[in-house]
Amino acid sequence: MSNMYQTPLPAAEMTATYAVKITPMLDRMAAVLAGNAQSCALPINTTIENPRSPCEYDYKNTHQTFTRQQVREMAIEIVTIMSASPSPTAVQNQIPSYAVGAKASDKDLAHALRVPYEPSKGKNAGLTLSGAGTAIANYRFAMKRMAGANAVTNSLASGTAFFVNRSAVLARMNEGADATTKTANEKACASLLNADGTARAFAPTKSTTMPNKNALKAVARLLYGANWHAGDKSAIFQDCQAFVYGQASSVGKPNQSPVNRYTLEVLRDTHQATVRRLAKEAGAPADATKSKALAIQWFSDNTARLEALN
């Protein structure tokens, strides 16, 4: 029986959703735990430094052999993910408490891995998908967003973030445009702002030659459309460079919300005594400096107050 689980699984369609890509892998894991096999081959990439899930799909379809115990350990993590947000509520409701955690039996884990999920809306409405696959896909997306937010916060704290001159981008987009198009362009450029109207920060990449690539991509999407990457990337990035600037050059930038190294994101990670002192220096009334939360709220009420900080 174990030999049949050593046969490599077919390579997944690259256009398929992540949930669909990993479903055959999850099915094999469930089969192993439901039966007597002591090992199986799975296309899991174990070389990723910070994996976003317990079973990262290997896009080269390279299979590795995993023992039954290793499969069980992964299944425990996967079922735990299935039992809580951001897993769909319909999936969470199908996971009994006795199937969650180290005390769960192999058969209970196998049953949980096979839970179906039928979306009630969206492009997959009416289809039957893998509950485990969907939960992992949602979890990975949440982890990606969290990692991105942390990267931005860290870059702001270190002064290495990049910004986009929204006004200049909008002016380029509006050249020769009619009123309807200008309205659409205004809406599209909202992606360059935070909810409070301040300039959105972009974390630097690891590239030494193009650390501002994340910001350049944001500009490229606006100026060249969603399929911008199908064109001459080098020429496109060169064109977009004029709209991107570093954090050190952000203060007083024309046609741009004022931004300096003291952003709300940085203040939230700063010691309470320092935040209260900065609020006092910026002219906050006594009532607004009694606590860190009140001081941050005072800055949030009018982000222009950040300009008073050095």
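The chain holds twelve helices and six strands, where helices (H or I, at least four residues) and strands (E, at least two) are DSSP runs numbered from the N terminus. Its radius of gyration, taken over C-alpha atoms, is 25 Å, well over the 19 Å that the globule rule gives for 310 residues, so the chain is more spread out than a compact globule. That rule is 2.2 Å times the number of residues to the power 0.38. This is a predicted model, in which local features need pLDDT of at least 70 and side-chain atom pairs count only at pLDDT 80 or more, while totals for chains, interfaces and linings use all residues. Residues are numbered from 1 along each chain as its sequence is written, and side-chain values use heavy atoms, with hydrogens and water left out.

Along the principal axes, the C-alpha atoms fill a box of roughly 70 × 50 × 40 Å. Of the 310 residues, 41% count as buried; buried means under 20% relative accessible area, exposed over 50%, and partly exposed in between, with a 1.4 Å probe and protein chains only. Contact here means heavy atoms within 4.5 Å. Among contacts between residues at least 6 apart in sequence, 59% join residues at least 24 apart.

A good place to begin a tour is the interior. A nonpolar core is a set of buried Ala, Val, Leu, Ile, Met, Phe, Trp, Tyr and Cys residues joined through side-chain atoms within 4.5 Å. The largest such core has 39 residues, and Met25, Met29, Leu42, Ile78, Met82 and Leu113 have the most contacts inside it. At least two residues of this core come from each of α1 (18-34), β1, α2 (68-82), α4 (106-113) and α5. Helix α1 gives the most, with nine residues. A second, separate core of 21 residues includes Cys189, Leu192, Ala218 and Phe237. Returning to the largest core, Met82 is in contact with Ser87, Val91, Gln92, Ile95, Ala112, Val115, Gly131, Ala132 and Ala135, leaving aside neighbours within four places in sequence.

Strand β1 (residues 39-42) sends Ser39 and Ala41 one way and Cys40 and Leu42 the other, and all of these are buried. In a regular strand the side chains alternate between the two faces of the sheet. Strands pair if DSSP finds at least two bridges between them; β1 and strand β2 (residues 64-67) are joined by four bridges and run antiparallel. In this pairing, Ala41 stands opposite Thr65. The loop between β1 and β2 contains Asn61, which has a positive phi of about 60 degrees although it is not a glycine. Asn61 is buried, with a relative accessible area of 18%.

Helix α2 includes Arg68, a buried residue with a relative accessible area of 15%. A polar contact is a pair of N or O atoms within 3.5 Å; within protein, one must be able to donate a hydrogen and the other to accept it, and residues adjacent in sequence count only if both atoms are side-chain atoms. One such contact, of 3.2 Å, joins the side chains of Arg68 and Asp106. A polar atom of the Arg68 side chain also lies 2.8 Å from the backbone oxygen of Val32. Not counting residues up to four places away in sequence, Arg68 touches several others, among them Leu33, Gly35, Asn36 and Ser39. Beyond this helix, the loop between α2 and α3 (89-92) is the place of Pro86. The peptide bond from Ser85 to Pro86 is cis, with omega near 10 degrees.

Helix α5 (residues 131-158) has 28 residues and reaches 41 Å from its first C-alpha to its last. This is close to the expected 40 Å, a span defined as 1.5 Å times one less than the number of residues. At the start of α5, a side-chain oxygen of Ser130 comes to within 3.4 Å of the backbone nitrogen of Ala132. The buried residues of α5 include Gly131, Ala132, Gly133, Arg140, Val152 and Leu156. By contrast, Ala149 of α5 counts as partly exposed, at 42% relative accessibility. Ala149 and Phe202 are 53 residues apart along the chain, and their C-alpha atoms are separated by 9.5 Å. Gly159 follows α5 and has a positive phi, near 75 degrees.

Farther along, Gly231 lies in the loop between α8 (213-224) and α9 (233-240). Gly231 is partly exposed, with a relative accessible area of 40%.
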